[in-house]
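Here's a short tour of a protein model, written for someone meeting structures like this early on. Have the picture open while you read.

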Amino acid sequence: MESDKKLALVFFPAFDWAISPTHPEREERLLYTQDQLIEEGIGDIENITMLRSDIAQSKDVEKVHFCVPDVESRVTESHLIAAGSAIRCADAVMKGGFDSAFALIRPPGHHAHTVVYGDRGFCIINNEAIMIEHMRKENPDLKVAIVDTDCHHGDGTSDIYWNDSNTLFISLHQDGRTLYPGTGSVDEIGGPSGCGYTINIPLPPGTSDEGYLYVIRHAVLPILDEFKPDIVINSAGQDNHYSDPLTNMNVSAQGYAQLNHLLHPDIAVLEGGYSIEGALPYVNLGILLAMADLDFSGVKEPDYCRERLQQSRQIDEYIRMLTSRVMENWKNRKTIREQLYENKSIVTSTKRIYYDTDNITERQNRKYILCDRCGGLEIIESDSDTHHSILAVTIGRGSCERCVNKGYSLYKNASGRYTGVYLHDKVNDSYLSKKM
Amino acid sequence: MLVGLDLGGTHIDGAVIDDGAVLKTIKREVDPDDLFSTIWTTLSDLLMPFDTKDIDRITLSTTISTNAIVEQKIDPVGLIVACGPGITHDFSAISPTVFHISGSIDHRGIITDPIDQEQIESVSKKIVNEGLDHCAVVTKFSTRNVEMETRMADYLEGKVSHVTMGHRMSGRLNFPRRVNTTYLNEAVYSVFNNFADKSSAAMSKMRLDVPLNILKADGGMMDLPTAQEHPVETILSGPAASLSGILSLSKIREDAILLDIGGTTTDIFFLADGVPLFAPDGAVISDYRTLVRAVYSVSIGLGGDSRVKLVDDKVHIGPEREGKPYAYGGPAVTATDAMIVLGLVENTDDRHLSRAGAAVSSVGWPSDASVEQTAASILTQMARTIKETTDRLLRNINERPVYTIKELLHEKKLDPRSIHIIGGPAKALAPYLEEVYSLECHVPPFFDIGNAVGAALSNVTKELTLTANCAVGILSVPEIGLTEGITEEFSLAQAKARLFELFNEIYHIKEQDCEIVEESCYTMVRGFSSAGKNIRLKAQVKPRMIHVMKEI
Ligand SMILES: [Zn+2]
Ligand SMILES: [Zn+2]
């Protein structure tokens, strides 16, 4: 079996790394997936190529995150390799002659926000965002769409691209009122410059293949058609599976394969998924075959039972309503933006971010200084119960000279009440930090 | 005394070795229509001066199975496969008589869909009706649970003349390769067994009461009865013999490139810290990807008889061969002609020299070069072509995926420090390779019969693979057809002990002669608490030090 669609697979199971011995994010998480892929002879399929992982550098991380106090003290080698593997996939697609790539890696990353004090939701750094910013080194205007199909809201990715209209972020997840991290309601649509380009589709518990595929066909694909991204990325979490121990959804391996077949992502990056024996071997195989344009009709869990997974009429109805609301938001994004932000010069918000894995609480004030000539500045003030208190200034891509200068002066003149001050100047690709 | 014979494509080489010294060598041309008599006349000539009582063993590297596969002179095989869920493999390209049956095993070794008795009966009936005498039975994940294959094979017993079961071929995963391997084993079963029977008869006629061993693709050997059950393992033993030959003739401890340069091809091997690299998944023969353990070898169409031609002002050597070198009456200029011009070939006369000179001059490159300069340029180009290939292979080897942080960060890259060459043109080409690679280039003694020496000095290789999934209570060692129950408390130490016990019980090989070569042990979790271990072990017979020749 083969097709002419060239797929690169970067498989990094990190067999020597775990959060703790019985934690879901442990050594054997991808062991059975590896068994299945080897037994199926994936390595011998002509149009699939296995590539070696790579390790990301601190400067790759600094293009996305403010690690407190710095990258070295927050990020482990395993995280750098997961991010480096995602970068390897990006290079394979952008300049390696591959049609698509799948980063089958751990640890995951989509709960990692802009500011990083530690591990939350098993994530420390955001693999997809680091990969995207790597691609933008050579293609600064790259239009990217991220479709996050992990069962949990991709709150980290959402936070990072909240104010960026060049990066469309669509998250399909189990409704935050019933699952960690709790965020991701339909009304969360992005900051002043990115208003409408964050799209949340919170699905009810019990949603099955039909529900997901309905949303893909009736919301995700039409939105992508209009957005016209250069690159489509799938944050391919697999915890929507009916056997996942942490969630309440009813998706099957066939559902995942069909979803990928419809979505046609250029790059897929594994996120969560903790039914490591009953789901991951089949789901990963399904995604891989769909991405390589090969027949996936035989991929099925041994205990699969269609009748048992059927979603209720009520869910059908709810999802139809939800989808039309999402589409309405998307169509009216300009009007909504005007209503919310017209004639404003500063937009502020506060949030509290809990790092569940490391038990840290962060309090954050975020301030967007709007500019009529450019995307303006983003200023984060944040402190945590790890005794850090920081100021982080981001000068957005395409910022005007006045905003750039203002950013630098904020950095230089920061008051002594901070333990650290950071500046990320995306115009000149420069990252500065100072301890106070 | 150890006797080695290497049956190649054009020549058969033999060597008798005693106490680290080569006592006698022989080289004959092969009669392609009668390989059997080629072997036995060569052997009787080789052994002529010796007392057969002094012979400890004879090891033979044969192309019997390889040729049968390459020339498609193999038996029809009823291929019975259970693909189960996952990729729906077709396999009709391998055998026209494929029978797909239901039933499946998952990665844990759990039978998730039992085999259907009625189907067993109906498939058997079809096989008998179609007059198929050979069967191969393979199920997905049979290495994790041998029960389904065993049941199918048991039912076929007596109805066909022989059945091979997939799990006996290798302990490694890879269902399509297991299917290919099992199919080929059965397809060459008769060819090889006929040869084996004739060999045994010939030996008793010669009153040779010594063990006859057969060389395997991994450079090790197996006794004749084992080979008769696993004939597929005799494929591609030729390259393995050359590799063992170089190893036995040289003392290499570092990363190195090994070359066997012949008339039409050059075989390339690599050593890491003196240990040969193996093919990552298994041998590939005639488009069949198999699980047969094999040394990593890449053959390129470049040798002494390769044709030299000028394309766009650049000299190309090979891959085509049009006949003998021009000097010996062949039709076209070859690399050997360049060697003759430079006086690098023994036993040449003036007539050879003048023909070679004419051939090399006709290349006319570089412009206004002397005939010697042209000849030297040809050999430099030949060395460069080899280097381009090894550079590319090394890049691939060093880029192979790894799955742990430790390997990714700390594993050393393969970085050859020396080159070792055998084969006819070895001596002539060595200085050019040395120049192009800037590495020391060694030509071991007996460089032209290295294969036979390698065969003579080979040792038994044997592997057992153990997988124990304590959460579901299944242990399997596929190579010996074992699937048994275990408790949740089964430990890594117990698993190792069991594996050594099996080596002793089945092969009569003691624990001190075995070693664990792969080991992993994971804690399986149900909910948030431990539910037993997942243990994977691979053990092998310790490779014995290959004898290094005492004198030159
Ligand atoms: Zn998740
Ligand atoms: Zn501005």
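Two parts are in contact when they have heavy atoms within 4.5 Å. By that rule, the contact between the chains takes 45 residues from chain B and 47 residues from chain A. Before going on, some ground rules: this is a predicted model, where local features need pLDDT of at least 70 and side-chain atom pairs count only at pLDDT 80 or more, while totals for chains, interfaces and linings use all residues. Residues are numbered from 1 along each chain as its sequence is written, chains are lettered from A and ligands numbered from 1 in the order in which they are written, and side-chain values use heavy atoms, with hydrogens and water left out.

**Where the chains meet**

The size of an interface is often given as the accessible area lost when the parts come together. Buried area here is the accessible area (1.4 Å probe) that two parts lose on being put together, summed over both. For chain B and chain A it is about 3800 Å², with 56% of that on carbon and sulfur atoms. On the chain B side, B:I87, B:Y403 and B:I405 lose the most area to chain A, together 20% of what that side buries.

There's plenty of charge involved too. A salt bridge is a side-chain nitrogen of Lys or Arg within 4 Å of a carboxyl oxygen of Asp or Glu, and eleven of them run between chain B and chain A. One of them pairs B:K140 with A:E40, whose closest N and O atoms are 2.9 Å apart.

Which elements of chain B give two or more residues to the side that touches chain A? They are α5 (175-187), α12 (405-410), β26 (514-526) and β27 (529-541). Helices (H or I, at least four residues) and strands (E, at least two) are DSSP runs, numbered from the N terminus.

**Two zinc ions**

Now for the metals, both of them bound to chain A in the table below. Donors are N, O and S atoms within 2.8 Å of the metal (3.2 Å for Na, K and Ca); water is not among the atoms, so sites may look incomplete. Four donors count as tetrahedral if all angles lie between 85 and 135 degrees; four count as square planar and six as octahedral if opposite donors are over 155 degrees apart and all others between 65 and 115; anything else is irregular.

| Ion | Donors | Distances | Angles and site |
|---|---|---|---|
| zinc ion (ligand 1) | A:D150 (OD), A:D150 (OD), A:H152 (ND1), A:D239 (OD) | 1.9 to 2.8 Å | 52 to 155°, irregular |
| zinc ion (ligand 2) | A:C371 (SG), A:C374 (SG), A:C400 (SG), A:C403 (SG) | 2.2 to 2.3 Å | 100 to 116°, tetrahedral |

The donor residues of the zinc ion (ligand 1) follow the spacing D-x1-H-x86-D. A:H152 sits in the loop between β6 (144-148) and α6 (155-160) of chain A and A:D239 in the loop between β9 (231-236) and α8 (253-263) of chain A, so the pair ties together parts that are 87 residues apart in sequence.

For the zinc ion (ligand 2), the spacing is C-x2-C-x25-C-x2-C. Here A:C374, in the loop between β12 (360-369) and β13 (377-384) of chain A, is linked with A:C403 in helix α13 (residues 401-412) of chain A, 29 residues apart.

**Within chain A**

Over all chains, the salt bridges come to 53. Among them is A:E25 with A:R106, their closest N and O atoms being 2.7 Å apart.

Finally, some backbone details. Most residues other than glycine have a negative phi, and most peptide bonds are trans. The bond from A:R106 to A:P107 is cis, with omega near -5°, and A:P107 lies in the loop between β4 and β5 of chain A. Another cis peptide bond joins A:Y180 and A:P181, with omega about -5°. A:N359 has a positive phi of about 55° although it is not a glycine.
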